[in-house]
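Here are my notes on the two-chain model you sent over. Have the structure open while you read, since I jump between the chains a fair bit.

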Amino acid sequence: MHLTWTAEDEEFRAELRAFLAEHAPGKPPKDAAGRLAREKAWAATKFDHGWAGPSWPKAVGGMELSFSRQVIYQEEMTAARVPSHPGVGINMVGPTLITHGTPAQRERYIRPMLRAEELWAQAFSEPEAGSDLPSLRTTARRDGDFYVVNGQKVWNSRAELADMFFALVRTGTQESRDKGISYLLIDAHAPGVTVRPLRDMTGAEHFAEIFFDDVLVPVGNRVGEENGGWRIARTTLGHERAADALNQAAFYERIVGELIALARERGAAADPVQRDQLADFAIRARIMQVNAIRTISTIMTSDEPGPTSSISRLYNSTFEQQLHVFATDLLGGYGVLAPQDPNAVQRGRWTWGMLGTRASTIGAGTAEIQRNTIAEQVLGLPRDPAMPSRQ
Amino acid sequence: MDFAFTPEQEELRSSLRRFFAGKSPTSEVRRVSETADGYDPLLWKQMAEQLELQGLVIPEEYGGSGFTAVELSVVFEEMGRALVCAPYFSSVALAAQVLLAVGDDEAKARWLPGIADGSLIATVAVTEDDGAWGLEHVLASAVPAGDSWVLDGAKTFVVDGHLAGLLLVVARNDQGLGVFAVEGDQPGLTRTPLSVLDFTRKLARVEFNAVPARRISPDGDATAALSRGLDAALAALAAEQAGGAARCLEMAVDYAKTRVQFGRPIGSFQAIKHKCADMLVAVESAKSAAYYAAWSAADAAGGVADGGELAVAAALAKAYCSDAYFQVAAENIQIHGGIGYTWEHDAHLYFRRAKSSQLLFGGPQRHRSRFAELVGI
């Protein structure tokens, strides 16, 4: 079970490997600041050598790779264990600027974005606008050449590191819902911006809250039309996420291997009931790999992602949640320890995972919203008449 | 590119879909399933003559057209969708695959052409009265008698065992397991049709009382080669399950779009949407599992790989597709509500097929256990 590549594709792989062999950074340092510096330096190295933005147009400094080469690109980057880009959501804001931004916006923002000179964070969700994002309440009142922004955003990963936010704000009436939303690029260091870390249920601070208090944003930082932000917020370029599908599957395959090792260590692999479950996880991980290959093959032959692409998030998130619960059960009595306890098995990683993967079926669209989307967009089931319609 | 169907394979799929929709609608499935033989000889003949389906994967030198397990999986997916009543699984997936995997040249030359042109219905008899599917449970015995052998024992849950003109029987001799060919008219052979849960697939108990047989497997123990043949059959069965599951999802979605309660189509309620979305996850993943097994079977048959990956893929696919089909067939009834519980509605035909095929050739747990062993869990 594998994908086959043309000789030209293999040549591309060899070039990429040569670049990685020469430039890939060494082992990550222990401290957070050192790790961030390493991530930024690597993003700059990639850009300066023409290896950044695999799906982005050459005109903005991207590589404009064919889909098959994007798959190879992701494969090799993962295999080389190089750091990922430190900016959050650059594959959301980047394509949005490329498709809907002005030449001045592209000129100003894309290069520093790819080089990680400026870090970005997403500012969409609000305390009262989660799954129902079109009900968001952060307002942007027009005042001459500026918008005056007031409101609160939440669940913003790495917002405390960000230099820029891409945000959805209300420029129309509250009742206009998705037809009264604009897309703004907001300077994270502007007066009136407060970022406060948010402690999540794992005990860590992966996310933050952002408060806007009379923050002035130049009108030139609006992307697209006023009140036209909703439609462009989900712009993507090609199938960047699908190109990474095989890596995700390989990642889970590795986790299953580690789970099996854990089960052996704890004497559970020989128990028929536990063994049956282990086999089930191993089977599902391998099917995830075939789903990924099918998605990639379908895009390559028809340029359409096909049904396996739409189910993958639901499949993968449910899978990793169940896997970590099972792993915690395998720990027996040790499952009651906090991950920080010195006696926690494998430094508490399975417990961290059990806690952390609760977010898998919530973040970036809850599993329930995904099921609605699959039902309506893939299966063609009718819309819920009680739900407000969207553009 | 691997793992995408070629335009020719897609063309095969759509022509089969048209063919079975025309020739084997569920009204016809119900009629044929109530006959004693359980298949329609006219349809069987058309499958052989118009579409050459029986000979699809049989090599050209034995009268077939030499396609691969990938094309075969397309056929099974489509037949699974349509619930076609025909001795196709027994003859083409079981008997032909076992003949190809273990049979000597003479045996292949003698029986494969008949299977390929549809004139010979054949099957494989493995399981015995304890109902266990593992080859290690085989007790039937074969004793040499001059140039041939004599079989004693009983086999049950033999697919199309009530009418097969050729039975390939797994029996034990002093060298281990062997495969023995028994033609349907041999003395000492008693067949008893079973009354079955899934009446679209007939099963029989077959007794062998000093039945003369010909050994088709080479000297020594045939377990490894036989497993390869049976794994290829499991890959076909998994494709059939994926096809049946896909059809159940379609039935459920079509109904949910048109059935109105509380003044709106029930498919507009999230409770129904979420079920259908979960069914799609199961259906697409079952297809992935089945295609993985089909590709592995093709690689094994083509000599690209040994049977190692096929064994893993067959166990994986049989375990996953069995559970997925059952889940989707059960939810299909639930989404249909009262009408889905009636005899007249087709939902129970699929539900019966799903449960029966889940248990035939070993249930999901058995295959997960085998998978665990093969991948070293």
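The points below go from domains to the chain contact, then to helix packing and strand pairing.

1. First, a reminder that this is a predicted model. Please read every value below as computed from that model.

2. Domains of chain A. The assignment splits chain A into domain 1 (7–86), domain 2 (120–232) and domain 3 (244–378). Taken over C-alpha atoms, the centres of domain 2 of chain A and domain 3 of chain A are separated by 32 Å.

3. Domains of chain B. Here the assignment gives domain 1 (7–90 + 109–116), domain 2 (122–215) and domain 3 (223–375), so note that domain 1 of chain B is written as two segments, 7–90 and 109–116. For domain 2 of chain B and domain 3 of chain B, the C-alpha centres lie 28 Å apart. The two domains touch through 11 residues of domain 2 of chain B and 11 residues of domain 3 of chain B. On the domain 2 side of that contact, strand β5 (residues 176–183) of chain B has the largest share, with three residues. By class, that side of domain 2 of chain B has seven nonpolar, two polar and two charged residues.

4. The contact between the chains. Chain A puts in 40 residues and chain B puts in 35 residues. On the side of chain A that touches chain B, α9 (272–302), α10 (306–330) and α12 (367–378) of chain A each supply at least two residues. Which of the elements gives the most to that side? That is α9(A), with 17 residues. The side of chain A that touches chain B divides into 23 nonpolar, eight polar and nine charged residues.

5. Helix α9(A) again, this time within its own chain. The axes of helix α8 (residues 245–265) of chain A and α9(A) come within 8 Å and cross at roughly 170°. With angles over 145 degrees counted as roughly antiparallel, α8(A) and α9(A) therefore fall into the roughly antiparallel class. If you want to click through the contact, the residues from α8(A) include A:L246, A:Y252, A:V256 and A:I260, and those from α9(A) include A:L278, A:F281, A:M288 and A:I293. By class, the residues of this contact are 16 nonpolar, four polar and one charged.

6. Helices α8 and α9 of chain B. Helix α8 (residues 270–301) of chain B packs against helix α9 (residues 307–336) of chain B at an angle of about 155°, and their axes are 8 Å apart. These two helices are therefore roughly antiparallel to each other, and the crossing of α8(B) and α9(B) is left-handed. Sorted by class, the contact of α8(B) with α9(B) has 22 nonpolar, four polar and four charged residues.

7. Helices α9 and α10 of chain B. α9(B) also packs with helix α10 (residues 347–359) of chain B, at an angle of about 160° and with the axes 9 Å apart. α9(B) and α10(B) are therefore roughly antiparallel, and their crossing is left-handed. Among the residues that meet here are B:Y325, B:F326 and B:I333 in α9(B), along with B:Y350, B:F351 and B:K355 in α10(B). The contact of α9(B) with α10(B) has nine nonpolar, six polar and one charged residues.

8. Strands of chain A. Strand β3 (residues 146–157) of chain A and strand β7 (residues 207–218) of chain A run antiparallel and are joined by nine bridges. For register, look at A:S157, whose bridge partner in β7(A) is A:F207. β7(A) is also joined by six bridges to strand β6 (residues 193–198) of chain A, again antiparallel. In that pairing, A:P197 stands opposite A:A208 in β7(A).

9. Strands of chain B. Strand β2 (residues 141–145) of chain B pairs with strand β3 (residues 148–159) of chain B in the antiparallel sense, over five bridges. B:A145 stands opposite B:S148 in β3(B). Which residue in the hairpin of β2(B) and β3(B) takes a positive phi? It is B:G146, with a phi near 65°, and the hairpin has two residues between the strands. β3(B) also pairs with strand β7 (residues 203–215) of chain B, antiparallel over nine bridges. To check the register there, find B:G153, which stands opposite B:F208 in β7(B).

Technical notes. Residues numbered from 1 in each chain as written. Chains lettered and ligands numbered in written order. Predicted model: local features only at pLDDT ≥ 70, side-chain atom pairs only at ≥ 80, totals over all residues. Axes fitted to C-alpha atoms, helices over the stretch in contact; angles between N-to-C directions. Helix = DSSP H or I, 4+ residues; strand = E, 2+ residues; numbered from the N terminus. Parallel < 35°, antiparallel > 145°, perpendicular 65-115°, else oblique. Left-handed = near helix turned anticlockwise from the far one by under 90°. Nonpolar A, V, L, I, M, F, W, Y, C, P; charged D, E, K, R; others polar. Pairing = 2+ DSSP bridges. Contact = placed C-beta atoms within 7 Å. Domains from an automatic or database assignment.
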